[in-house]
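Open the model in your viewer and get ready to click around. We'll go stop by stop, with something to select at each one.

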Amino acid sequence: MADLRCPNCSKEYVARVARVGFIEGLLGLFYVYPFKCQLCGCRFSAVQWGVRYLRVEEDRREYERLPTGFPLAFSAEALRGDGMACDVSMSGCTFRAETCQPKVGDVLGVRLQIAKDVEPVAVEAVVRNVRQDHVGVEFLRFQQAGKDRLQQFVRFLLARRAAQAQRAENHVAGADIQHDHWGERADGKSPVSVKS
Ligand SMILES: [Zn+2]
């Protein structure tokens, strides 16, 4: 999809979106698929000859913003700064800008240092909102294996949240003592059942 560009703003940050209605479903048989520009929101159809998209089942919870805290670095043409992430999902994050501040609409290269001693996750992102020193960005495009690593991290945060919720429930029931270690599992394999 690297050669596909938005007909409105001619940027390459386009994502395939779900087909809506009978006509789009029919067009899919002829390799015509709907896309949406992640920058300007323009929705358009494009022919992808010979490409059959599989319906990918996604876990919607991976798109909820989850509280976190890790350092990151961002850069644009004339901008370079550091920040601290406050929340993250597979679709974006909010961070506190520490040195300089980007503005709404800036496309940034962001390096998410989700764990110590590992290569940061590199992602291109667009600034969606700025409130005081808090910057909200939407992820546009990951580099290399970054998406997989961020997904592992988000799944770990989900498992930890589920474990914490379970622990709070047990606390109410007065049964927290024997289960106190549950929230401390760092491998993402929560022994408690995950409620959906
Ligand atoms: Zn566009």
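First, one term: a residue is buried if 20 or more other C-beta atoms lie within 10 Å of its own, exposed if 12 or fewer, and partly exposed in between, with C-beta atoms placed from the backbone. By that rule, 18% of the 196 residues in the protein chain are buried. Keep in mind that this is a predicted model, where local features need pLDDT of at least 70, side-chain atom pairs count only at pLDDT 80 or more, and totals for chains, interfaces and linings use all residues. To find your way, number residues from 1 along each chain as its sequence is written.

**Stop 1: the whole chain**

Show the cartoon. The protein chain has two helices and 10 strands; here helices (H or I, at least four residues) and strands (E, at least two) are DSSP runs, numbered from the N terminus. Follow the chain from that end and you'll meet β-α-β-β-β-β-β-β-β-β-β-α.

**Stop 2: the core**

Which residues have the most contacts inside the largest nonpolar core? Select Val110, Leu112, Ala125, Val137 and Leu150: they are the ones, in a core of 30 residues. Two or more core residues come from each of β2 (32-37), β5 (71-76), β6 (79-88), β7 (92-97), β8 (107-112), β9 (121-131), β10 (134-142) and α2 (146-172). The top contributor is α2, with five residues. Color domain 1 (1-64) and domain 2 (66-145) separately: both give residues to this core, so it lies between them. The domain bounds come from an automatic or database domain assignment. As for the term itself, a nonpolar core is a set of buried Ala, Val, Leu, Ile, Met, Phe, Trp, Tyr and Cys residues joined through C-beta atoms within 7 Å.

Now zoom in on valine 110. Not counting residues up to four places away in sequence, valine 110 touches Leu72, Phe74, Val123, Ala125 and Val137. Two residues are in contact if their C-beta atoms, placed from the backbone, lie within 7 Å.

**Stop 3: strands side by side**

Select β5 and β6. They run antiparallel, joined by six bridges, and form a hairpin with two residues between them. Strands pair if DSSP finds at least two bridges between them. Try alanine 73, whose bridge partner in β6 is aspartate 82. Next add β8, which pairs with β5 in the antiparallel sense over four bridges. Here phenylalanine 74 has valine 110 of β8 as its bridge partner.

**Stop 4: the helix α2**

Pick out Leu150, Phe153, Val154, Phe156, Leu157 and Ala163, the buried residues of α2. What do they pack against? Their partners are β4 (66-67), β6, β8 and β9.

**Stop 5: aspartate 87**

Aspartate 87 sits in strand β6 and counts as partly exposed because it has 17 C-beta neighbours inside 10 Å. Show threonine 68 too: the two are 19 residues apart in sequence, yet 5.0 Å apart in space, C-alpha to C-alpha.

**Stop 6: two unusual phi angles**

Go to serine 10, in the segment before β1 (14-16). Its phi is positive, about 55°, although serine 10 is not a glycine. Is serine 10 buried or exposed? It counts as exposed, with 9 C-beta neighbours inside 10 Å.

Finish at aspartate 117, in the loop between β8 and β9. Aspartate 117 also has a positive phi, near 65°, in a residue other than glycine. With 5 other C-beta atoms within 10 Å, aspartate 117 is exposed.
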